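Hi there,

Here is the model we talked about passing on to you. Please have a look at it first, and then read on for what turned up.

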Amino acid sequence: PFVPKDRDRLDERCGEIFSIQASGLARRLESLPGAKPVIGISGGLDSTLALLVSIRALGMLDRRPSDIIAVTMPGFGTTDGTYRNATQLCGNLGIDLREVDIKNLSCEVFTACGIDDKNHDVTYENVQARARTYVLMTMANSSNGLVIGTGDLSEIALGWNTYNGDHMSMYNVNSGIPKTLVKFLIKRVAEHEFEGDAAKILSDIAEQPITPELLPPDGKDISQKTEEIIGPYRLHDFFLYHFVRFGFSPDKIFFLSKAAFRGEFDEKTLKRWLAVFLERFFKNQWKRDCVPAGVKVGSIDLSPRGSWRMPAEASLKDYLDILERA
């Protein structure tokens with residue numbers, strides 16, 4: 001529901017949304033004279049969009065892209081392809097690129113806490129995510145910087161972020177952007193505002209699989225693909241739209257999804273991922289209770305300060321019971 005089928009309408013919407021993102025960040029930077037955007041750049045979708053928004057925002061303030069501090073932070077799951085895209089894009093755009101390898105920092109935490117680094121569980125992943133945030137905050141402190149958040153609306157809804165890791169920033173430009181729309185925003189910017197190598201790199205990034213790259217790769221390939229773990233974002237964004245905007249019950253959302261995805265997903269698959277959506281949405285409200293400020297883009301926003309109020313202890317059982325009977 002977030003991505004119009006009509007190409008002209010999609011192009012117009014992406015242009016407007018990108019302008020809203022950039023205007024919000026420009027206003028925030030105006031209030032902090034001389035502050036530099038500090039962004040963790042991975043070569044993935046969300047951080048690339050945040051980088052492009054920062055470039056546009058600085059342009060609105062008559063400042064150069066070189067004022068951006070982009071930090072690439074290779075970890076245990078970083079692949080050559082994403083690393084190369086991140087570094088080449090920043091080099092091509094004249095960004096101040098810095099590199100901090102977080103593997104040693106993460107290993108020090110493992111040792112200090114008595115954690116076996118051979119156990120690739122959620123702690124193994126979260127230590128890396130928090131190490132990256134620690135580095136970014138330190139860079140910002142030392143450079144009059146503002147850490148720009150990259151987590152999108154879909155990740156915030158599902159709690160697909162590390163508390164006090166990528167969950168935290170000083171201003172989040174992507175907090176109102178659903179995952180299904182991110183790649184179209186990048187493609188639109190690539191087509192309208194860049195050419196040559198930069199446009200090619202952006203197009204390549206837009207087609208990469210979605211991954212946090214926190215687990216060691218399988219050879220040269222990405223081993224951790226988000227949608228294989230938590231389900232297709234096309235479904236989750238559909239569920240999110242109807243649940244938050246209209247307050248529809250699980251059985252009604254299930255009914256609508258059967259019509260919308262007929263021939264693509266069977267009923268068992270739809271019910272499975274809807275249950276996952278509800279469970280993750282309810283169980284991760286506590287993360288949304290303290291998210292940083294960000295740009296409100298559309299009618300769906302999960303900021304606890306003015307858009308979405310929900311107790312962290314809200315009961316999930318009744319909703320799952322309704323879905324089970326559907």
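The largest nonpolar core holds 80 residues, and within it Leu-25, Leu-51, Phe-277 and Phe-281 have the most contacts. Helix H2 supplies the most to this core, namely nine residues. Please keep in mind that this is a predicted model. If you want one residue to click on, try Leu-25: setting aside neighbours within four places in sequence, Leu-25 touches Val-53, Ser-54, Ala-57, Leu-146, Ile-148, Tyr-171 and Val-173. There is also a second, separate core of eleven residues, with Ile-69, Ile-102, Leu-136 and Val-147 among them.

Ile-69 brings us to strand E2, which covers residues 69–72. From this strand, Ile-69 and Val-71 point one way while Ala-70 and Thr-72 point the other. Which of these are buried, and which exposed? All four are buried. In a regular strand, side chains alternate between the two faces of the sheet.

E2 has partners that you can pick out in the viewer. Strand E1 (residues 36–40) pairs with E2 in the parallel sense over three bridges, and Ile-39 has Ala-70 as its bridge partner in E2. Between these two strands the chain passes through H2 (residues 45–60), giving a right-handed β-α-β crossover. Strand E3 (residues 96–99) is also parallel to E2, with four bridges between them; here Val-71 is matched with Arg-98 in E3. Helix H3 (residues 80–93) completes another right-handed β-α-β unit together with E2 and E3.

Now for the empty space. How many cavities of 30 Å³ or more are there? The count comes to one, and the volume of the largest cavity is about 100 Å³. Its lining is made up of 13 residues, and Gly-151, Ile-156, Asp-166, His-167 and Asn-172 lie nearest the centre.

Two backbone angles are also worth a glance. Most residues other than glycine have a negative phi. Asp-62, in the loop between H2 and E2, has a positive phi near 55°. This residue is exposed, at 75% relative accessible area. Asn-144 is not a glycine either, yet its phi is positive at about 50°. You will find Asn-144 in the loop between helix H5 (122–143) and strand E4 (145–149). With a relative accessibility of 45%, Asn-144 counts as partly exposed, because that class lies between 20% and 50%.

Happy to go through any of this with you on screen.

Best wishes

How values were computed: Residues numbered from 1 in each chain as written. Predicted model: local features only at pLDDT ≥ 70, side-chain atom pairs only at ≥ 80, totals over all residues. Heavy atoms only, no water. Buried < 20%, exposed > 50% of the residue type's maximum accessible area, 1.4 Å probe, protein only. Pairing = 2+ DSSP bridges. Right-handed = clockwise from strand over helix to strand, strands pointing away. Core = buried A, V, L, I, M, F, W, Y, C linked by side-chain atoms within 4.5 Å. Contact = heavy atoms within 4.5 Å. 1 Å grid on protein atoms, 1.4 Å probe; cavity = no way out; pocket = protein on both sides within 12 Å on 5 of 7 lines; lining within 4 Å. Points joined across faces, edges and corners; volume = space filled by probe spheres on them.
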